[in-house]
Amino acid sequence: MGMKTKIALGAVVGIAVIGALSANSGDGDGDARSDSRTSANSGEKADGAQSDGGAKSDGASDAEPAEDKAVEKASQAEQFKAFVQKNGTPKEKDAVSHVTKVQGADEQNDILDAADVYTDFTGGIMGEGTGPAKLIASSFADWKDSENGLVTIYDADGELLGNGQF
């Protein structure tokens with residue numbers, strides 16, 4: 001390499017290093033600033049208390065967020081069952097009647113979607129639930145659509161029964 005090439009290459013590398021350092025220079029205040037992505041909403045503190053110092057009006061409202069989350073998780077299973085009751089075959093309806101819980105059905109980004117369906121079958125992959133697990137996976141694919149989704153069916157003990165794409 002010639003001398004001019006070495007100087008030009010050194011200048012390009014130097015500019016790239018300076019650019020990288022200046023791009024990261026705004027992130028370094030540490031504790032001086034809070035990151036809005038990890039902090040609580042402006043109206044709430046991390047423990048759920050209101051920021052104006054007032055207490056919540058009744059003690060039952062403290063448990064409402066946990067109850068709402070439980071209802072949402074149960075509602076995924078109920079929505080799935082209702083869809084199959086309306087659109088499924090008799091064998092699919094029978095298989096889906098064993099579903100106890102559905103997780104991850106509402107969080108889709110078409111990049112890598114994963115949903116878990118829990119049933120009351122027993123015996124794992126060698127048990128009675130492997131045939132119905134394929135019907136459940138097929139019904140799930142009819143209910144939800146993703147470019148890159150995987151639904152996994154589990155038995156009552158959390159053992160794998162089957163999986164399928166949706």
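Reader: Leaving aside its neighbours within four places in sequence, which residues is Glu92 in contact with?

Author: Beyond that four-place window, Glu92 makes contact with Val84, Leu135, Ser138, Ser139 and Asp142. Please keep in mind throughout that this is a predicted model.

Reader: Understood; and where is the place of Glu92?

Author: Glu92 sits in helix α3, which covers residues 90-96.

Reader: What about charge, then: which side chain of opposite charge is nearest to Glu92?

Author: That would be Lys93, but it is 8.3 Å away, and Glu92, although buried, has no salt bridge.

Reader: Let me move to α4; how many residues does it have, and how far does it reach?

Author: Helix α4 spans residues 130-143, which gives it 14 residues, and from its first C-alpha to its last it reaches 20 Å, close to the 20 Å expected at 1.5 Å a residue.

Reader: Which residues in α4 are buried?

Author: The buried ones in α4 are Pro132, Ala133, Ile136, Ala137, Ser139, Phe140 and Trp143. Looking down the axis of α4, these buried residues fall within an arc of 165°, so they line one face of the helix.

Reader: And which exposed residues does the face turned away from the buried side carry?

Author: On the face of α4 turned away from its buried side you will find the exposed residues Lys134 and Asp142. Asp142 is also one of the residues in contact with Glu92.

Reader: How many residues are in the largest nonpolar core, and which have the most contacts inside it?

Author: The largest nonpolar core has 20 residues, and Phe80, Ile136 and Phe140 are those with the most contacts inside it. Two or more residues of this core come from each of α2 (64-87), α3, β1 (99-103), β2 (113-119), α4 and β3. Its largest share, 5 residues, is given by α4.

Reader: Back to Phe140 for a moment: what does it touch, not counting residues up to four places away in sequence?

Author: With those close sequence neighbours set aside, Phe140 touches Phe80, Val102, Ala105, Ala115, Val117, Val151 and Phe166.

Reader: Ala105 is on that list, so to speak; where is it found, and is it buried or exposed?

Author: Ala105 belongs to the loop between β1 and β2, and with a relative accessibility of 2% it counts as buried, because the cut-off for buried is under 20%. Apart from neighbours within four places in sequence, Ala105 is in contact with Gln76, Ala115, Phe140, Trp143 and Lys144. Its C-alpha atom is separated by 9.2 Å from that of Phe80, and these two residues are 25 residues apart along the chain.

Reader: In the loop between β1 and β2 there is also Asp110; what is its phi?

Author: Phi of Asp110 is near 60°, which is a positive value in a residue other than glycine. Most residues other than glycine have a negative phi. Asp110 is partly exposed, with a relative accessible area of 35%.

Reader: New topic, the strands: where does Tyr154 lie, and what does it touch beyond four places in sequence?

Author: Tyr154 is in strand β3, residues 149-154, and, not counting residues up to four places away in sequence, it touches Asp116, Val117, Tyr118, Thr119, Glu159, Leu160 and Leu161. Between the C-alpha atoms of Tyr154 and Asp120 there are 8.6 Å in space, while the two are 34 residues apart in sequence.

Reader: What about Gln103 in strand β1; how far is its C-alpha from that of Val151?

Author: The C-alpha atoms of Gln103 and Val151 are separated by 9.7 Å, with their positions 48 residues apart along the chain. Gln103 is partly exposed, having a relative accessible area of 24%.

Reader: And Gln165, is it buried or exposed?

Author: Gln165, which is found in strand β4 (residues 160-165), is exposed, with a relative accessible area of 68%. Leaving out neighbours within four places in sequence, Gln165 is in contact with Ala141 and Gly149.

Reader: To finish with the whole chain, what pattern does it follow along the sequence, and how many helices and strands are there?

Author: Read along the sequence, the pattern is α-α-α-β-β-α-β-β, from 4 helices and 4 strands. The protein chain has 166 residues, of which 23% count as buried. Considering contacts between residues at least 6 apart in sequence, 52% join residues at least 24 apart.

Terms used. Residues numbered from 1 in each chain as written. Predicted model: local features only at pLDDT ≥ 70, side-chain atom pairs only at ≥ 80, totals over all residues. Heavy atoms only, no water. Contact = heavy atoms within 4.5 Å. Buried < 20%, exposed > 50% of the residue type's maximum accessible area, 1.4 Å probe, protein only. Lys, Arg positive; Asp, Glu negative; His and termini not counted. Salt bridge = Lys/Arg side-chain N within 4 Å of Asp/Glu carboxyl O. Expected span 1.5 Å × (residues − 1). Arc of directions from axis to C-beta. Core = buried A, V, L, I, M, F, W, Y, C linked by side-chain atoms within 4.5 Å.
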